[in-house]
Amino acid sequence: MAEQVDAQGDSGRAVLADTLKFLRERAGKSLGQLADETGYDKSYLSRLESGERLSKVTVMEDLDTYYGAGELLVRHWRVARLDAFRNQYKRFMGLEETARTIWKFSLGVPGILQTEDFARWVLSWFLTTPEKDDDLVEERVAGRLGRQYLLRRNPRPVVRFLVDEVAFRRPVPDPKVWEEQLRHIEDVATWPNVTFQVVPFSAGTHHLMQGTLSMLWQQDGSCVAYSEGNTRGELFEAPEDIELRRLAYDRLRDLALSPSDSLAFLRNVLEEHRS
C-alpha cells in the first residue's frame, strides 16, 4: 500500500517539535550537547525541533529514554506521522492502530512487512528531483516503518496476509536488500499472531488483481475495509460493502497456498536467490 501524502496540516508535527525543544531546554542541554550525548547529528536534531523533519520512531524511543519521558515523544510521533496523510487514509491508519483482527491482501510486498532499505528503494521511485525530495522519501520511510509496531503491540492483533506470487518474482536490483526483505518476511510469517499465505500464479486471474485490500475488526466487532488501486484509495464502512469485500477475501484465501506451503515457497525463493 502506497502512503498517500498531503501537504496540508502540520499541527501534530508542531506539537512534537515543541515538545522536543521543551524537553531539551528543561534538561539544560544545547543542541551540541544533545548531539554529543545521543550520537545524533546536531543539524538533524535541529530540524526535528523546527518541525522540518519527521524521524523514525526509534529516534523518539531513544530520546524518551534519554529524557526519562516515558513514551511521551513516541505518542506525539504517532500523531505527527498522521498529519502527512490524506483524510481517508489517515482515518484508516487510526483504525489500523486499534484493530484486533487484520486481514491484508497485496500484489507487492505489504508496506507493513517491508524492511527499511526495501521501503526506501520502493519509495524512491516517486522521486522526480532527488536533490529536493530525499527528505520526503526519508519521512515516508519513517512513516512506513512506524506502522510495523502494530504487529508487536499488546495485545497483539491477529493478522493474516495474502500476498500474490508476483511480489516474489520482481526483486529489487540490490541482492542484499532483497535477501534481507525475504528473510524478514520469513521471520514474521512464523510469529504466533501472524498467518502468511501466497496466492500462486497457478490460481490464475483473480478478483483482487487491481490493487490491495485491508480489513480491520475492532474489539467491539465493528469492521472497515480499505482498498487501494493505482490512483486512489477508498474506505468502506457500510455493512453491505464490508460483506462484499469479506467474501472476496475469503474466495482468494481458498485459492492461496496453505500457511506451511507458503512458508516453504518463501524459503525456496530465498534459496533460489542465494544460488
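## Burial and surface

In this predicted model, 49% of the 275 residues of the protein count as buried. The accessible surface comes to about 13700 Å², and carbon and sulfur atoms account for 49% of that area. As for the charges, the protein carries 37 positive and 44 negative ones, and the mean positions of these two sets lie 2 Å apart.

## Overall fold

The chain forms 11 helices and 6 strands. Its radius of gyration is 20 Å, close to the 19 Å that the globule rule gives for 275 residues, so the protein is as compact as a globular protein of that length. Measured out along the principal axes, the C-alpha trace spans about 60 × 50 × 40 Å. Of the contacts with a separation of 6 or more, 72% are accounted for by residues 24 or more positions apart.

## Nonpolar cores

In soluble globular proteins, nonpolar side chains tend to be buried together. Here the largest nonpolar core has 38 residues, and those with the most contacts inside it are Leu113, Leu151, Phe161, Phe168 and Phe196. Both helices and strands give two or more residues to this core, namely helices H6 (87–98), H9 (175–189) and H11 (259–274) together with strands S2 (158–164), S3 (194–199) and S5 (223–228); H9 gives the most, with 6 residues.

When residues up to four places away in sequence are left out, Leu113 touches Gln148, Leu151, Phe161, Gln181, His184, Ile185 and Val188. A second core, separate from the largest one, comprises 21 residues, including Leu31, Leu34, Leu63 and Leu73.

Methods
Residues numbered from 1 in each chain as written. Predicted model: local features only at pLDDT ≥ 70, side-chain atom pairs only at ≥ 80, totals over all residues. Heavy atoms only, no water. Helix = DSSP H or I, 4+ residues; strand = E, 2+ residues; numbered from the N terminus. Rg over C-alpha atoms; globule rule 2.2 N^0.38 Å. Buried < 20%, exposed > 50% of the residue type's maximum accessible area, 1.4 Å probe, protein only. Contact = heavy atoms within 4.5 Å. Areas by Shrake-Rupley, 256 points an atom, 1.4 Å probe, with all protein chains shown as cover. Lys, Arg positive; Asp, Glu negative; His and termini not counted. Charge placed at Lys NZ, Arg CZ, Asp CG, Glu CD. Core = buried A, V, L, I, M, F, W, Y, C linked by side-chain atoms within 4.5 Å.
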